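Let's take a walk through this model together, starting with the empty spaces inside and then moving on to a helix and the aromatic rings.

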Amino acid sequence: MQPSKQPSDYSATELGQMLARGEINAVDLTEHFISRIQAHGDSAVFITTTFERAREEAAASAARYQRGCPLGALDGVPIAWKDAVDIKGTPTTAGSAIYRDAPAAAEDAPVVARLAAAGMVTLGKTNLSEFAYSALGLNPHYGTPLNPHARDVRRAPGGSSSGSGVAVGARLAPVAIGTDTGGSVRVPAAFNGVVGYKTSETRYDRRGVFPLSQTLDTVGVLAHTVSDCFLVDQALRGGRADVPATASGQSLQALTLVVPENVVLDDLEPEVHANFSASLDRLSAAGVKVLRRHVPELDELKALSASHGFLASAEAYCWHHDLLESSRSSEVDPFVYKRIMAGKSMSAYDLLRLQQGRAKLGASLRASMGEAMLVMPTVAHVAPPLAALEDDMDHFVAVNSKTIRNTMWGNMLNICALALPNGLGAAGMPTSIVFAASAEREDFLLDCGLSLANVIQL
């Protein structure tokens, strides 16, 4: 460890390597992050901390290293979990005051068990938009985590995985797990200047994960590097997390990126546009083939939603029906309540048209993309100020809609995606670029991502 740096300054991959070399032990590493969480001025980042469990897991990890038998490259590395995921002995609140005193989970969700089996150390459960239904990350029940990059005014953390994005962005945890139904990993990654890895629908076991939309929900990773996502992905798939090969850049010579000329480039903030253009220039100079063309599936999906509503709203209304139609509905965040209740008026015809349309358009996009990936700004703007969002529902709805414009199509068409920081925008806030591949092409995405990050993040 360099004398001027602290453990929290390193990525999960680097921390795993330091643990393996004996430069730090898991107990001291865990205590470092616990101290940072306790000293952090924003108490809204975590809903529940699991420091007792963390200390037990760290001690077990240190003992394995002492015996010379670590469980892999992530053994002893701390992690935080969105409070939509079951962790044994803690309630899963889903960001709702209604579930604040819910019975504690009897078992870890399978994804938690997988990373525990890889030796990772659970620090606690992070905040989120109530029921995971907002791209901006506001929460009136547990407080809204504050974007750690804001220096002028309080700014949105991005949602719904707000606490996970802030935990990594503020270096309270080297890696965190979120869920993504319309952009809820990619948006907080973009707003907080970290890497966001969104998987396709069948990549991980979703049992024990509180649902928003059982069709569209995916589990994803927020971290400092693509390598971190690569290792966590290995562990979540049940394999041994081993250090990935260093990106050679050779894969970029054969890579084609398609920039949609429709929808996703509309109404960009000037700095977002400038940083996106600069990223494309660097990629082209590195040998990547960059094409610009109309992507009709984006227009057709936009029209489909305008005519028939949102699949997530219908499924969320079904899941929360009894609550929303009860006297306790007034306890739900009004911003969230309004969005979910839009599903009440949707017909069976609407639902079937949405399901048929997503299958048709998904197949069409896969056929037209082939081996290529789509690339676009992750969000059209940087993290917005919180005050107006808290005070004006119409403003909240408009900004929320624009925030997920470039991400929500990905869940409807079941893509995997990697959001990477690519510069600073208005008020010194992070901007982001996202690469999207067809469903179940995560291995290809992550392999390319190791090289893409080296070019983008110069």
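Which helices each supply at least two residues of the lining of the largest cavity? Helix H11 (311–319) and helix H17 (408–412) do; helices here are DSSP runs of H or I with at least four residues, strands are E runs of at least two, and both are numbered from the N terminus. Before going further, keep in mind that this is a predicted model, where local features need pLDDT of at least 70 and side-chain atom pairs count only at pLDDT 80 or more, while totals for chains, interfaces and linings use all residues. Residues are numbered from 1 along each chain as its sequence is written, and side-chain values use heavy atoms, with hydrogens and water left out.

Back to the holes. A cavity is a set of points, on a 1 Å grid over the protein atoms alone, where a 1.4 Å probe fits but cannot get out, and its lining residues have an atom within 4 Å of a point. Grid points are joined across faces, edges and corners, and the volume is the space filled by probe spheres set on the points. Counting those of 30 Å³ or more gives two cavities. The largest has a volume of about 240 Å³. It is lined by 21 residues, and the closest to its centre are Tyr133, Thr181, Gly182, Ala312 and Met408. H17 provides the largest share of this lining, with three residues. By class, the lining has 12 nonpolar residues, eight polar and one charged (nonpolar is Ala, Val, Leu, Ile, Met, Phe, Trp, Tyr, Cys and Pro; charged is Asp, Glu, Lys and Arg; the others, Gly among them, are polar). Tyr133 turns up again in another role: Arg339 lies over its ring face, at 4.2 Å from the ring centre. For that label, CZ of Arg or NZ of Lys must be within 6 Å of the ring centre and within 35 degrees of the ring normal. Lys5 likewise lies over the face of Tyr10, at 4.3 Å from the ring centre.

The second largest cavity has a volume of about 40 Å³. Its lining includes Ala190, Phe191 and His381. Strand E11 (430–437) and helix H6 (186–192) each supply at least two lining residues, and E11 gives the most, with three. No charged residues line this cavity; the lining has six nonpolar and three polar ones.

Now for a helix. Helix H7 (residues 226–236) is largely enclosed by the rest of the structure, because nine of its 11 residues are buried (buried is under 20% relative accessible area, exposed over 50%, partly exposed in between, with a 1.4 Å probe and protein chains only). Among the buried ones are Asp228 and Asp233. Just after H7, Gly238 takes a positive phi of about 95 degrees.

Last, the rings. There are five aromatic pairs, meaning Phe, Tyr or Trp rings (for Trp, the six-membered one) with centres within 6.5 Å; planes under 30 degrees apart are stacked, over 60 edge-to-face and the rest tilted. Phe210 and Trp319 pair edge-to-face, 6.4 Å centre to centre with 80 degrees between the planes. Phe210 sits in the loop between strand E5 (195–198) and strand E6 (218–223), and Trp319 in helix H11, 109 residues apart. Phe210 counts as buried at 18% relative accessibility, whereas Trp319 is partly exposed at 44%. Ring pairs also link these two with Tyr99 and Phe131 into a cluster.

Notes. On a 1 Å grid over the protein atoms alone, a cavity is a set of points where a 1.4 Å probe fits but cannot get out, and a pocket is an open set with protein on both sides within 12 Å along at least five of seven lines; lining residues have an atom within 4 Å of a point.
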